[in-house]
Amino acid sequence: MTITRTTAPDLPGLASPGLADAAAPGLQTERLQLTRAGRLVIDGVDCTLPSGRLGALVGPNGAGKSTLLHLIAGVLSPDGTGRQVPTPPGTVHFDGERLDTASRRSRARVVALAEQHADSQLEISVTDAVLLGRTPHRSLFAAPGGDDRAFALRCLADVGALDLAGRLYRTLSGGERQRVNLARALAQEPRLLLLDEPTNHLDIRAQLDTLTLVSGLTERGLTALAALHDLNLAAAFADHVIVLAAGRVVAAGPPATVLTAELICTVYGVDATVLQHPRTGRPLLAFATLPAESGPRSTRTEGAL
Ligand SMILES: Nc1ncnc2c1ncn2[C@@H]1O[C@H](COP(=O)(O)OP(=O)(O)OP(=O)(O)O)[C@@H](O)[C@H]1O
C-alpha cells in the first residue's frame with residue numbers, strides 16, 4: 001500500500017492557499033520544564049515555530065523530543081502527572097492563545113498529536129479510531145454523525161489508508177497504524193499538528209509521501225512540528241529545525257544554518273559531511289562514525305552511510 005495522495009488534502013479547518021496569516025506568531029514555548037524520576041528531562045525549553053511552517057524536532061535518543069511534544073499537546077502537564085497545576089513551570093502559546101492553561105476540549109480544537117505508540121489493543125475498527133479525532137468538534141455525549149464519518153474516511157483517504165477502514169485497529173502493522181494515527185490527528189482539524197516520529201515503520205515511499213502530505217498542509221496554513229530521527233528527511237522537508245539535547249534547545253533555525261557538521265559532531269558524536277542536494281539545494285548529509293577515542297559514545301562500529 002502506498003500513500004497515493006501527495007498533494008495537500010482539502011481539510012475544512014485550513015485556510016485556502018495563500019491565505020495563511022504570515023504575521024501569526026505560531027508556536028511559542030517559554031521556560032518549559034519537566035522533572036521525571038528526580039531528573040530534569042525538559043530543562044527550560046524556549047522554542048518558536050512560525051505559523052504555517054513545518055518544523056523538525058531532532059536530537060539523540062532520550063533528548064526529550066517525545067516528552068516535549070506531549071507537554072506542548074497538554075497530554076502531560078508540566079508536573080508530569082497529567083493534571084493541570086496552578087503555576088506550571090513554563091507556558092505554551094499558539095498564535096497568541098495560551099494552551100497550557102486552556103481546557104482539554106478547547107486545546108484539542110487547536111492542537112493534535114499523532115503518536116508513534118498509540119493504544120495498540122483497542123477493539124475498535126480503524127474508522128472508529130479515526131472518529132475519535134472528531135470528539136472535540138461534537139457536543140458532549142453526541143454520537144458521531146454521517147458528516148463525521150465522511151470526514152474520517154476522507155482523512156483515511158488522504159493518508160492512503162482507506163482500504164484499512166473496516167479493519168480492527170489492533171490487527172494493523174506498525175506502518176499501517178502510523179498512517180491511521182495521522183488520519184486520527186487530521187480528523188481533529190488541528191491548527192497545530194504534532195507528530196512523534198511519523199516516518200517510523202514506513203517504507204521509503206511512504207516516508208516521503210507522509211512528509212509531502214504534511215508539507216502540503218503547512219502551505220495551506222497548518223503549523224506542524226515533527227520529531228524526526230532521520231536528519232536527511234529533516235533537511236529535505238523542514239522549514240525550521242529545532243535541535244534538542246539533554247532536554248535543552250541547543251540550536252534552531254533553517255536546515256542549512258542548523259544542520260552543520262560541527263553541530264552534528266557535537267550533538268551526536270558523528271562525523272558528517274554536509275553536501276548540497278543537486279536538485280533542491282537543501283543540505284544532504286553523509287555520515288561516518290568517529291574514531292573510537294574522539295566521540296562521546298562508547299559503542300562504535302567502523303563504516304559510513
Ligand atoms: N515515565 C518516565 N519516568 C522516568 N523517566 C522517563 C519517563 N519517560 C521518559 N523518561 C526519560 O525522559 C527522557 C526523555 O525521554 P523522551 O522519550 O522524551 O526522549 P526522546 O528524545 O523522545 O527519545 P527517543 O529518540 O529515544 O524516542 C529520557 O531520559 C527518558 O528515559
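This report describes the domains, the two sheets and the helix packing of a predicted model.

**Domains and their contact**

The chain divides into domain 1, covering residues 27–254, and domain 2, covering residues 260–305. Where the two domains touch, domain 1 contributes 10 residues and domain 2 contributes 8 residues. On the side of domain 1 that touches domain 2, the elements giving two or more residues are α7 (231–237), β9 (240–245) and β10 (248–253). Of these, α7 gives the most, with 4 residues. Sorted by class, this side of domain 1 holds 8 nonpolar and 2 polar residues, and no charged residues.

**The sheet of four strands**

An open sheet of 4 strands runs in the order β2-β1-β4-β5, and its pairing is antiparallel. Its edges are formed by β2 (39–49) and β5 (97–98), each of which has a single partner strand, so one side of each is left without a neighbour in the sheet. Strand β1 (residues 27–36) pairs with β2 in the antiparallel sense over 8 bridges. Within this pairing, leucine 27 has leucine 49 of β2 as its bridge partner, while threonine 29 is partnered by cysteine 47, also in β2. The hairpin of β1 and β2 has 2 residues between the strands, and there alanine 37 takes a positive phi near 50°.

**The sheet of six strands**

A further open sheet is made of 6 strands in the order β6-β7-β8-β3-β9-β10, and here the pairing is mixed. The edge strands are β6 (111–114) and β10, each pairing on one side only, and the twist from one strand to the next averages 15°. Strand β3 (residues 54–58) pairs with strand β8 (residues 223–227) in the parallel sense over 4 bridges, and in this pairing the bridge partner of leucine 57 is alanine 227 of β8. The edge strand β10 is also among the elements that give two or more residues to the side of domain 1 touching domain 2, as is β9.

**Helices lying across the sheets**

Helix α1 (residues 65–73) lies across strands of the four-stranded sheet, namely β1, β2 and β4 (91–94), and α1 also lies across β3, β6, β7 (192–196), β8 and β9. Helix α6 (residues 204–219), for its part, lies across β3, β7 and β8. The table sets out the angle given for each of these arrangements.

| Helix | Strands crossed | Reference strand and angle |
|---|---|---|
| α1 | β1, β2, β4 | β2, about 65° |
| α1 | β3, β6, β7, β8, β9 | β7, about 155° |
| α6 | β3, β7, β8 | β8, about 150° |

**Packing of α4 against α5**

Two packed helices are described by the angle between their axes and the distance between the axes. For helix α4 (residues 146–158) and helix α5 (residues 174–187), the axes come within 8 Å and cross at roughly 135°. The two helices are therefore oblique to each other, and α4 passes α5 in a right-handed crossing. From α4, the contact is made by Phe151, Ala152, Cys155, Leu156 and Asp158, and from α5 by Ala183, Leu186 and Ala187. Which classes of residue make up the contact of α4 with α5? The residues divide into 7 nonpolar, no polar and 1 charged.

How values were computed:
Residues are numbered from 1 along each chain as its sequence is written. This is a predicted model: local features need pLDDT of at least 70, side-chain atom pairs count only at pLDDT 80 or more; totals for chains, interfaces and linings use all residues. Domain bounds come from an automatic or database domain assignment. Two residues are in contact if their C-beta atoms, placed from the backbone, lie within 7 Å. Ala, Val, Leu, Ile, Met, Phe, Trp, Tyr, Cys and Pro count as nonpolar, Asp, Glu, Lys and Arg as charged, and the others, Gly among them, as polar. Axes are lines fitted to C-alpha atoms, for helices over the stretch in contact, and angles run from 0 to 180 degrees between N-to-C directions. Angles under 35 degrees count as roughly parallel, over 145 as roughly antiparallel, 65 to 115 as roughly perpendicular and the rest as oblique. A crossing is left-handed if the near helix is turned anticlockwise from the far one by less than a right angle, and right-handed if clockwise. Two strands pair if DSSP finds at least two bridges between them.
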